[in-house]
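The following report considers the fold of one protein chain, with attention to its sheets, its cores and one of its helices. Please examine the sequence and the model before reading on.

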Amino acid sequence: MTTINKAAFIAALISIAAFSTAYPTFAAPIMLKGDINRDDMVSVSDMVVFRSFLLGRYGLNETQTIAADINGDGAVDSTDLSDLQDIILESRNKLPIGTWIGDCAGSKRYFSFGSGTVSIVDPNIGKSQFFTVENEGDLMIFRSGKAEMSAFVTWDSELSFVLRWCNGCTETFRYFCDSKTEITDLLTGRWVTSQGRTFEISGLSGKLTDKSGNVSRFEYAPNGENITFHIGSTDNSISGKKNVNDSMHFTMTWSDSTSEKFTRQEIEVRDGITYVNGILIANKTYALPADYNPGKILSEPQSAFDTMKADAAKDGIYLSIVSGFRSYTYQGQLYSSYVNRDGKAAADTYSARAGHSEHQTGLAMDINNAGSSFNNTKEAKWLAANCVKYGFIIRYPLGKEDITGYQYESWHVRYLGRELAKEVADSGLTLEEFLCIDSKYKT
Ligand SMILES: [Zn+2]
């Protein structure tokens, strides 16, 4: 009748039984598959009953038979016992990871599980609490200092579980990212603010770096458009209203009526090349590797220039590229020659060090005359007025030297594509300001 290795099975029973004695009894009306002894949990005691049944020592009533037929094939046999064992073993080792929304008596709470820890944010209380969390079978135990609370967990699916708290509350959890309506609340990512702060948010917690570079941890409690950040200790919190501009920008109006603009900033380094929000960046902060060498202006900016040149000609304006792609090696030689002539400090204001030149990207070009005598020419005026339509921006504008790291260059354009170039131009910001990055040599 049974194909189970008896010795191994009994050994497993004993090891599970050792801690199953710690389970308090708990009553709730939910019918669980595998809950053969009807104590409202699936545990090793169900296996004891099941085994007695299989050995002919115990009879099952109708409800118990339904609970015991785990694979639903209409028969209660050793395959169901094997499934029951899997359920118990699986739930023993399973703690949720990530952020989950709990719903206890119609009130939402956010649980951010880490490895063995959880921070619970209750928007109604406006306060977050840290706990260590561990599981013993289907019992989940939360501890914070001397405080301890526990609940029985039942997994409905990978994306949903139920906690039955010892105070009688049944709380259903669903995975935070699973719901389209909730995802707008999820601020996961790196945000740089108009006050020079950086919020690196993961789930409902994160790291805040202030203007002076001081780092503190925080939790946040979203409640619709109202957000409370609990920084460092839970006593230090700031609250405000979130106004979303688009997926990349939102503004917080703090309770003291000041406002702070948040800009999403995703910095990714692939093959040594830095992309900020998907935009390839070469400036004084971010260098290109020596082996990044497209060899010429990339085809898209080249054809955009060709179109721009043809249209300019119709207005009686003649445009040509005097410097396009420059390799890492060539830029290094160029920079050295300027340092020899003018000194390092002066050279750094107008020439890039190897790896730091936008010309190495294949996306930048100097038009007509790379010198201040180009400023105020009719060609320079036409270029400034029209380049955005073709996907270019004047990369180093007048008055922004401290931000871009370069003197005003009326002749140097950078290709961003039409849509993005327009967005940057309309913002009135330099690319550094638009992306909240800086441009400064580290040494
Ligand atoms: Zn240039």
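A residue is called buried here if 20 or more other C-beta atoms lie within 10 Å of its own, and exposed if 12 or fewer do. By that criterion, Pro301, Ala304, Phe305 and Met308 of helix α6 are buried. The model is a predicted one.

## Overall composition

The protein has twelve helices and 23 strands. Of its 443 residues, 29% are buried. Among contacts between residues at least 6 apart in sequence, 49% join residues at least 24 apart.

## Helix α6 and its two sides

Helix α6 comprises 16 residues, for which a rise of 1.5 Å a residue predicts a span of 22 Å; the C-alpha atoms at its ends are 23 Å apart, in agreement with that expectation. After the helix comes Gly316, with a positive phi near 75°.

Where on the helix do the buried residues lie? Pro301, Ala304, Phe305 and Met308 are the buried residues in question. They cover an arc of only 100° around the axis and therefore lie on the same side of α6. An α-helix has 3.6 residues a turn, so residues three or four places apart point the same way. The other side of α6 carries the exposed residues Ser299, Ser303, Thr307, Ala310, Ala313 and Lys314. The elements that cover the buried residues of α6 include β20, β21 and β23.

## The four-stranded sheet

Those three strands belong to an open sheet of four strands, ordered β20-β21-β23-β22 and paired in the antiparallel sense. Its edge strands are β20 (321-323) and β22 (392-396), each of which pairs on one side only. Disregarding direction, neighbouring strands of this sheet are turned by 50° against each other on average. Strands of a sheet pair through backbone hydrogen bonds, either parallel or antiparallel.

Within the sheet, strand β21 (residues 364-367) is joined to strand β23 (residues 409-415) by three bridges, and the two run antiparallel. Asp366 has His412 of β23 opposite it. Asp366 is also one of the contacts of Val322, a list that further holds Asn368, Asn369 and Ala370 once neighbours within four places in sequence are left aside. Val322 lies in strand β20. It has 13 other C-beta atoms within 10 Å and is therefore partly exposed. The C-alpha atoms of Val322 and Ala370 are 7.4 Å apart in space, although these residues are 48 apart in sequence.

## Nonpolar cores

Which residues of the largest nonpolar core touch the most other members? Among its 33 residues, these are Cys387, Phe392, Ile393 and Val413. Helix α6 (299-314), strands β21, β22 and β23, and helices α11 (418-427) and α12 (431-435) each contribute at least two residues to this core. Apart from this core lies another, of 17 residues, including Tyr110, Val121, Phe131 and Met140.

Phe392 illustrates the contacts made in the largest core. When neighbours within four places in sequence are set aside, Phe392 is in contact with Cys387, Val413, Arg414, Tyr415 and Ala421.

## A hairpin and a three-stranded sheet

Strands β7 (residues 160-165) and β8 (residues 170-175) pair antiparallel over five bridges. Ser160 is placed opposite Arg174 of β8. The two strands form a hairpin with four residues between them, and Gly168 in the turn has a positive phi of about 100°.

A further open sheet contains three strands in the order β17-β18-β19, again with antiparallel pairing. Strands β17 (267-270) and β19 (279-280) form its edges, each pairing on one side only. Between β17 and strand β18 (residues 273-276) there are four bridges in the antiparallel sense. The bridge partner of Glu268 in β18 is Tyr275.

## A loop residue

Asp210 is located in the loop between β11 (205-209) and β12 (215-223). Is Asp210 buried, exposed or partly exposed? With 14 other C-beta atoms within 10 Å, Asp210 is partly exposed, because that count falls between the limits for exposed and buried residues. Asp210 and Gln195 are 15 residues apart along the chain, with their C-alpha atoms separated by 8.5 Å.

How values were computed. Residues are numbered from 1 along each chain as its sequence is written. This is a predicted model: local features need pLDDT of at least 70, side-chain atom pairs count only at pLDDT 80 or more; totals for chains, interfaces and linings use all residues. Two strands pair if DSSP finds at least two bridges between them. Axes are lines fitted to C-alpha atoms, for helices over the stretch in contact, and angles run from 0 to 180 degrees between N-to-C directions. Two residues are in contact if their C-beta atoms, placed from the backbone, lie within 7 Å. A nonpolar core is a set of buried Ala, Val, Leu, Ile, Met, Phe, Trp, Tyr and Cys residues joined through C-beta atoms within 7 Å. The expected span of a helix is 1.5 Å times one less than its number of residues. The arc is that of the directions from the helix axis to the C-beta atoms.
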